[in-house]
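Visitor: Could you walk me through how the labels on this model are earned?
Guide: Gladly, let's take them one at a time.

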Amino acid sequence: MVTMKKQPPTPKAIIHQKFGQKACYRVEEVADVAENLCPGLAVPQQTKIKYRCILELPDLTISSGTFTRKKDAEQSAAQIAIDKLGIEANEQIPTPEGAFDELIARLNILFTDEFLLSNHPLVGHFRVAFKREDTLFGLVPISAIAICDSKVNSICKFVDIRAESDPSLLLYLISKAAKASTSLPTSYNGFFIQKQNRMLPEATEVLVSSQGCESKNVQTEAVFIPVDLDEEVKELKIDICEDDYFLDVIANTLKARDSSHILASRTVGKASSEMRFYFTAPECLFSSLAKNEEVSATYFEAVVNKRASYISGQTIYGDAILANVGYTWRSSNLLCEDVSLCTYYRMLLGQLPDGYYKLSREAVLTAELPSSYSRANWRGFLPKDLLFFFCRCHRLPQPIFCVQKVAILEGNDTTSDNTNFLRCEVRILSRSEEPLIICSFPDTYRKESDAIQNSALKVLNWFKVYFRQLDLLENELHSFGIAPEESFKLYPRAILQEFSLWTFVFAKSLCNYSKPNRVLENRVVLSNIEGPDSGVIPSAGSVTSVSYEARLLREGDDGKGYLVEKNEEFEFEVGSGAVIYPLEVCATQLSVDQSAKFTVVPPPRDVILATTRTDPSYLPDTHLENWRLEYEVKVLHVAAPMEERMETAFFSPPLSKQRVEFAVRHINKSHALSLVDFGCGSGSLLDSLLDHNTCLEKLVGVDISIRALTRAAKVLHQKLSKHCAMRECLKSAVLYDGSITDFDARLYNFDIGTCIEVIEHMEEEQAQQFGDIALSKFCPNILIVSTPNYEYNPILQRSSLPNKEEDPEEGEKPGPCRFRNHDHKFEWTRGQFQKWANDLASKHRYSVEFSGVGGSGDEPGFASQIAVFKRGLLREERNNESIGMESFCSPYELLWEWCGNRERGD
Ligand code: SAH
Ligand code: MG
C-alpha cells in the first residue's frame with residue numbers, strides 16, 4: 001500500500017529504525033515577535049512563528065534549534081541525536097540487496113541447534129514439527145517464521161517496503177531467501193523449510209520431551225470473517241487436540257492445502273495479545289509473485305477481505321479467521337484466548353472517529369462524542385488523546401498541533417495590554433506524510449490545553465460527519481462539513497486514497513447508525529414515569545448522573561427482553577450532545593430520583609454486538625427490523641451548572657436572591673400592581689415574589705421554553721395552594737409561551753417589567769429587538785434588565801471553586817474569560833451594556849439608571865449589571881398615543897393561569 005522512493009535515509013528515518021515508537025517528537029512554537037508590530041491594532045498581526053523540536057528518546061532528550069518549518073526542526077533534532085549516540089546510518093538502513101543477504105543469514109540462525117535451545121516462540125513450532133511422524137516431519141511453515149520472528153519481519157521491509165502491509169509478500173520473500181540459501185532446503189509441496197543438518201541429540205531430546213510444557217486438548221473460540229461482505233461474521237470453535245499443530249487446524253478450517261499455505265497478519269488489539277487474522281493466500285498470487293508479475297487490480301478487489309484488511313492495516317485475502325492463539329516468549333505452552341464476536345465488533349467500532357470514545361466510556365448505545373469541550377465538564381478520554389488514537393488506528397502519523405498567539409484588543413480600551421490569546425491549528429498527515437487536512441479555527445483561548453482540546457474535538461467531529469458520508473466524490477470533498485468561519489484545507493484525493501476501505505466496511509452497518517434521525521427524536525415519548533418530583537432538574541450545563549439499562553425487545557413481546565447495555569452510574573454534561581438525543585430529553589424532563597422509560601429504533605446489529613458480552617444467540621442473523629430498544633433511566637444526581645454554582649459560592653445571599661430583592665425594592669417603591677417577567681424560565685423570580693409582601697395583584701411570566709414554563713407552573717401552583725405572603729392581594733398569575741421579541745397586546749402597559757439574565761441567551765440583534773419592542777410596544781412604566789458583567793468574570797474564574805484546577809497562568813489582568821454559562825450567546829462589558837441601554841432609552845423616551853448586584857460596584861463593576869428604565873411620558877399622554885392595530889395581536893399561548901382561588905389551563 002505504501003510506496004517509497006529509495007533515497008538516503010533521513011535522520012528521522014534512522015531514529016525510527018533504531019527506536020521505533022519510543023522516539024517521541026514534540027514541536028514547540030517559538031514566538032518570534034517581528035520588529036514592525038503595530039501596537040494597538042485591533043486585527044491579528046502577522047507574527048513570525050518558529051519551531052523548535054524536542055525529541056525524547058529512552059535515555060536522552062534533545063532540543064533542536066529554531067526553524068521556520070516544523071519538518072526542519074524535527075530532522076535537526078534527529079540529526080543531533082544521531083551525532084550524540086554515534087549511530088551509523090549505513091549500518092541501520094541496508095540496501096535491498098544487503099537486506100536480502102541479511103535475511104538469509106537470519107534464517108540460518110533460526111535453524112541452528114543453539115536456537116532450538118532458546119525460548120523463542122518459533123521453538124514451539126519446531127517442537128510440533130519434530131513430533132510428527134508423517135512426511136511433514138521437521139518441516140516448519142515459512143509463515144510461522146513470519147509470525148514469530150520480528151527480526152525477519154524488519155529485515156524484509158528493507159528488501160521490499162510493501163512487505164509491511166502485505167503478509168503474502170513477506171512469505172514470498174522468506175521463501176526466496178530460503179531457496180537462495182545453500183543450507184536450507186524448502187519443501188516442494190508448499191512453503192516449508194526443513195532443517196538440513198541432523199540435530200544434536202540433546203536438542204532433539206529437549207524439543208520432543210517438551211520440558212515444562214504439557215500438551216493437552218484445547219478449545220478456543222475464534223471469529224470467522226467471510227470475504228463476501230454480504231455474509232455475516234460468525235463465531236467458530238477451534239479444537240486443538242493434544243499433539244495437533246494449531247496452524248494445521250486453522251488450515252483445515254480454512255480448507256487450505258496445508259499449514260504452509262496459511263498466512264497471518266500482524267497482531268491486532270491489545271499490545272500483548274497474539275490475536276491475528278489467519279487466511280489462505282490464493283495460489284495464483286504466489287505464482288505471480290514468483291514470476292515478478294503484477295496481479296490485476298480487479299482480481300485483488302474481488303479477493304481482498306476488506307473487513308480484516310481494514311482492522312489490521314494489511315492486505316488480507318479470502319475468508320479469514322480472527323484467533324488469539326500461539327507460542328510466546330513467556331511460556332512454551334500454546335496459549336489460547338477466546339475471541340468473541342463482541343471483541344471483533346468492538347475493534348471495528350473503535351476505528352470510528354467517535355467509536356473509541358463510546359467504548360472507553362463503556363456506553364456504546366448511550367454516549368456520543370460531545371460537540372463542545374469544557375474543562376470542568378468533560379468526561380472520559382480527552383479529545384486530543386482520542387484524536388491520537390484515531391490516527392494510530394488508521395496508521396496515520398501523529399496529528400500535529402500548532403498553537404499560535406493572536407493579539408486581540410478588548411473593547412475600545414486601547415491602553416490595556418494586548419493579552420495574548422491562543423489559537424490552535426491541527427494537521428493530519430497521510431501515511432506518506434503528505435497533508436490530508438489542515439484545520440484552523442477562529443476561536444481563541446487563554447490556555448494552551450483549552451486551545452488544543454477544542455481543536456482536536458472539532459477535527460474528530462469533522463471526521464465523524466465525514467464517516468457518515470463515505471460515498472463522497474473528490475470534488476464534493478473540497479469544502480465538505482466545514483463551517484464558513486473555519487478554515488479547513490482538505491486534500492480530497494489523499495483523503496479518499498487513505499480511507500478507501502472505509503466505504504466498504506462501514507457503508508453497510510456502523511455508518512448509518514450515526515446518521516441522526518430527527519423525525520424520530522422529536523417524538524421521544526416517556527412512559528412509566530416513577531418517583532416523586534424532587535424539583536432538582538438537570539438543566540443545560542449541569543453535570544447529570546443517571547443509571548440506565550437498555551433492553552432489546554421484539555415487537556409485540558412484552559417480556560423483559562434482552563439486556564444489552566447497563567450502567568449503574570453514568571455522568572454527562574447536559575446540552576453538549578454527550579448522549580443520544582432521546583436520553584437527554586428524558587433526563588431533562590425528570591427530576592432527581594425519578595425514573596422513566598423510552599423506546600428507540602435499535603442501532604444496527606453490529607453495534608448491538610459490540611455491547612453484548614454474553615451470547616447474543618437470540619439475535620436474528622441480519623437486520624433488527626421488528627425489534628425495539630427500550631431504555632430505562634433514573635436520574636441520580638445533578639451538579640448545578642457552573643454559573644449557578646458560582647453565584648451561590650461567591651455571593652451571600654446568592655446572586656439570584658439579590659436580583660429578586662433588587663426587583664422587590666423597585667416594586668415597593670413604585671407601588672406597582674402588575675408585573676411581567678420577560679424570560680421567566682422556571683419561575684424563580686415569580687416564585688420568590690410570592691414570599692414577599694408586595695402589593696402586586698397581577699403576575700405574568702413569558703418564556704419560549706415549554707419545559708421551563710411547565711416547571712414554573714408546578715412551582716407556582718404548589719406555592720399558591722399553600723399559604724404564602726402574597727396570596728391575599730394577588731388576583732391572577734399567568735404563564736405564556738412565546739418569544740419576547742414578539743409583541744403581545746395582553747402585556748401592554750404593565751407597571752413593571754423584569755428581564756433577568758435573559759438577553760445574553762439571545763443573539764445580539766435579538767437583544768436589540770427585544771429592547772425596542774419592550775420600550776415602544778409593551779411600554780412598562782419601569783423595565784429592569786439584568787445581564788452578567790463580563791468584566792467581573794476574571795474574579796469568578798480565578799478564585800478557586802471546588803472542581804476547578806489551579807492555574808498559575810491565569811493572570812492578574814482582566815483577560816479573556818470563558819462565558820459563565822455555555823448557553824450564553826454574549827456577555828457584555830459595562831461599556832457595551834450601557835451603550836445598548838442608553839441608545840434604547842433616548843430612542844424611546846425613557847430614562848435609564850445603572851446599578852447591579854454582587855460585589856461593591858467598584859472596579860470592575862457589579863457581578864450582575866442592571867439597567868432600570870423609567871418611562872418619560874405620563875401614562876395619560878401615553879394612552880393618547882394609539883397602539884394601533886397591533887393592540888389586537890396576541891401571539892402568545894396561554895400555558896397556565898391562576899385566578900384568585902381557581903386554576904385553569906394545564
Ligand atoms: N429569568 C430567569 C431565567 C433566566 S435563563 C431567571 O432569572 O431565573 C434565560 C431564559 O430566557 C430561559 O428560560 C430561556 O428559555 C429564555 N429565553 C431565551 N430567549 C427567549 C425569547 N426570545 N423569548 C422568551 N424567552 C427567552
Ligand atoms: Mg444567563
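Guide: This is a predicted model. Let's begin with Arg346, which has a relative accessible area of 18%.

Visitor: Why is Arg346 called buried?
Guide: Buried means under 20% relative accessible area, and Arg346 has 18%, so the label fits.

Visitor: What makes Glu362 and Arg346 a salt bridge?
Guide: Their closest N and O atoms are 3.3 Å apart, and the cut-off is within 4 Å, so the pair qualifies. Glu362 lies in the loop between α16 (355–360) and α17 (383–393) and Arg346 in helix α15 (residues 341–350), so the salt bridge ties together parts 16 residues apart in sequence.

Visitor: Why is Glu362 called partly exposed?
Guide: Its relative accessible area is 43%; partly exposed falls between the 20% and 50% limits, so that is where Glu362 belongs.

Visitor: How do you know that Glu571 and Arg379 meet in a salt bridge?
Guide: The N to O distance is 2.6 Å, and the limit is 4 Å, so they count as a salt bridge.

Visitor: Which parts of the chain does the pair of Glu571 and Arg379 link?
Guide: Distant ones: Glu571 is in strand β18 (residues 562–573) and Arg379 in the loop between α16 and α17, 192 residues apart.

Visitor: What makes Glu760 a donor of the magnesium ion (ligand 2)?
Guide: Glu760 (OE) lies 2.3 Å from the ion, as do His761 (NE2) and His824 (NE2). Donors must be within 2.8 Å, so Glu760 passes.

Visitor: Is Glu760 buried or exposed?
Guide: Buried, because its relative accessible area is 0%.

Terms used. Residues numbered from 1 in each chain as written. Chains lettered and ligands numbered in written order. Predicted model: local features only at pLDDT ≥ 70, side-chain atom pairs only at ≥ 80, totals over all residues. Heavy atoms only, no water. Donors = N, O, S within 2.8 Å, 3.2 Å for Na, K, Ca; no water. Buried < 20%, exposed > 50% of the residue type's maximum accessible area, 1.4 Å probe, protein only. Salt bridge = Lys/Arg side-chain N within 4 Å of Asp/Glu carboxyl O. Helix = DSSP H or I, 4+ residues; strand = E, 2+ residues; numbered from the N terminus.
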